[in-house]
Amino acid sequence: MSTENEGAAVPPEAKPPTGPQPDSAPASASGAQAPDAPYAPPPPGFAPTAGSAPGAGHPPQPGFGHPGDAPTTEQTTQLPPYPGPGQGTPGAGGGWGQQPPYGGDPWGVGSPAPKRRNGGLIAAVLVAALVAGGVGGGIGFWAAGQNDNASTTVSASGDPGALNRKPTSVSGIAQKALPSVVTIEAQGATGEGGTGTGFIYDKQGHILTNNHVVAGAAGGGKLTATFSNGKKYDAEVVGNAKGYDVAVIKLKNASGAPLNPLPLGKSSNVQVGDATIAIGAPFGLSGTVTTGIISAKDRPVASSDGGGNSASYMSALQTDASINPGNSGGPLMDAAGNVIGINSAIQSAGNGGGLGGESQQSGSIGLGFAIPIDQAKRVAQDLIRTGKPVYPQIGVQVGMRESGDGATIAQTGNNGSKAVTPNGPADKAGLRPGDTITKLDDTVVDSGPTLISEIWQHKPGDDVTLTYKRDGKEHTAHVTLGQRTGDK
């Protein structure tokens with residue numbers, strides 16, 4: 001769970017050195033040389049805070065991580081004072097850590113700073129840039145004071161109408177949606193947790209989010225939801241579905257809370273190229289709005305909660321809208337301001353093998369994945385009604401690591417069980433161990449995760465057609481989906 005850490009306080013203004021100085025000074029750690037003008041210290045109170053937050057295709061790619069988790073206060077580490085990763089790494093977070101101290105050698109004279117991690121380097125460079133900007137501003141003011149006629153500034157007319165912020169513009173949609181988006185902080189009993197996002201689902205105060213966002217509060221933890229107006233409320237989990245990575249929470253005392261549900265669209269109508277708007281709290285920066293397009297549909301994505309214990313599967317909407325750790329559970333909206341998905345996972349260049357380990361998670365590379373809202377809505381209704389998820393199933397166990405040729409039914413199931421459930425839907429349809437399922441209706445199945453993600457887009461009782469291979473020959477079978485209630 002992310003909390004803000006205050007940056008280092010700014011020390012008193014350093015005194016410039018006296019006596020003769022060299023004609024030139026070595027570059028400082030920021031790469032900027034000292035100007036000849038008097039040193040201008042940073043403005044008082046200049047100490048940025050840190051908002052920490054941790055958390056396909058065919059075949060589905062391993063290594064999809066959740067962008068929703070961040071270390072809590074107990075795990076958050078400020079950047080070192082100035083000699084100085086990703087989601088889920090203790091002490092990483094990605095916000096602004098401590099700024100480098102000012103004072104000591106204000107002219108940048110001295111040995112280069114030791115090599116530091118990227119996070120510290122970025123913070124140091126940005127702070128140094130701000131300081132350089134302040135010095136430059138002082139020089140500019142002094143020069144303007146010497147010659148009032150030197151200014152060539154042109155002022156804008158300030159006509160609000162010229163900005164054209166229509167209700168259907170990104171700005172208009174964001175202003176309407178932001179009051180209904182909350183930042184969720186989940187803290188475990190031992191202090192660990194994460195930060196994510198959620199949005200108002202109905203007028204009864206239910207909030208829709210990801211399971212992996214609230215999982216840290218299970219077993220006696222604490223859960224809070226903070227609105228865009230800064231008001232924070234305690235919340236509790238109504239129900240969660242690990243397989244779908246969907247959870248519903250509710251405020252314990254919603255008095256005064258702006259319970260305005262976001263309108264739900266239809267993800268089945270989404271087309272590649274449609275505009276998207278994502279809202280969330282990346283790295284703890286609440287109320288962040290990014291835009292992009294739908295870059296693909298029906299992406300089979302397998303991801304985990306970071307511990308590798310709770311695998312989830314989705315036939316996802318893929319978007320290039322910037323999604324980072326902390327965006328998890330937030331709405332993915334269309335150009336009309338309707339929710340079409342729940343931002344849930346990202347692929348990062350740093351990910352290795354396996355199911356999305358949080359320690360490997362880094363920032364957005366333009367490959368974000370959202371749970372289609374049609375599926376999430378059905379799951380949410382089950383959770384609100386019974387507190388338990390309901391999964392459609394065909395009653396087989398398939399290999400999860402092979403890909404490319406289909407989903408092959410195992411010869412034996414887990415713990416000595418039968419790979420084809422006796423008298424289950426697949427058994428009734430005539431499927432046997434060793435059969436390789438290659439299509440579900442018109443969708444090509446190239447792996448076990450693809451088969452599961454496609455089945456879970458349906459509901460129990462739906463009729464589907466399975467195409468499978470046995471002994472090199474192709475067959476079809478009509479299957480009525482069964483159901484399983486609750487997570488195993």
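**Chat: strand β4 and a ring cluster**

Reader: Hi! Which residues of β4 are buried on one side and on the other?

Author: On one side they are V181, T183, E185 and Q187, and on the other V182, I184 and A186, so both faces of β4 are covered. Buried means under 20% relative accessible area, with exposed being over 50% and partly exposed in between, using a 1.4 Å probe and protein chains only.

Reader: Before I go on, what sort of model is this?

Author: This is a predicted model, where local features need pLDDT of at least 70 and side-chain atom pairs count only at pLDDT 80 or more, while totals for chains, interfaces and linings use all residues. Residues are numbered from 1 along each chain as its sequence is written, and side-chain values use heavy atoms, leaving out hydrogens and water.

Reader: Thanks! Why is β4 largely enclosed?

Author: Seven of the seven residues in strand β4 (residues 181–187) are buried, so the rest of the structure largely encloses it. Strands here are DSSP runs of E with at least two residues, helices are runs of H or I with at least four, and both are numbered from the N terminus.

Reader: And which strand makes a hairpin with β4?

Author: That is β5, with five residues between the two strands. In the turn, G191 has a positive phi of about 105°. β4 and β5 (residues 193–200) pair antiparallel over seven bridges; two strands pair if DSSP finds at least two bridges between them. V182 stands opposite G198 in β5.

Reader: What about β7, how many bridges join it to β4?

Author: Five, and β4 and β7 (residues 222–226) run antiparallel. There, A186 faces L223 in β7.

Reader: New topic: how many aromatic pairs are there?

Author: Five. Rings of Phe, Tyr and Trp (its six-membered ring) pair if their centres lie within 6.5 Å; planes under 30 degrees apart are stacked, over 60 edge-to-face, and the rest tilted.

Reader: Why is the pair of Y244 and Y391 stacked?

Author: Their ring centres are 4.5 Å apart and the planes are at 15°, so the pair counts as stacked. Y244 sits in the loop between β8 (232–241) and β9 (246–251) and Y391 in strand β16 (residues 390–393), so the pair ties together parts 147 residues apart in sequence. Both tyrosines, Y244 and Y391, are buried.

Reader: How do Y391 and W456 pair?

Author: Tilted, at 4.8 Å centre to centre with 45° between the planes. W456 lies in the loop between α6 (448–455) and β20 (463–470), 65 residues from Y391.

Reader: Which residues do ring pairs link into a cluster?

Author: Y244, Y313, Y391 and W456.
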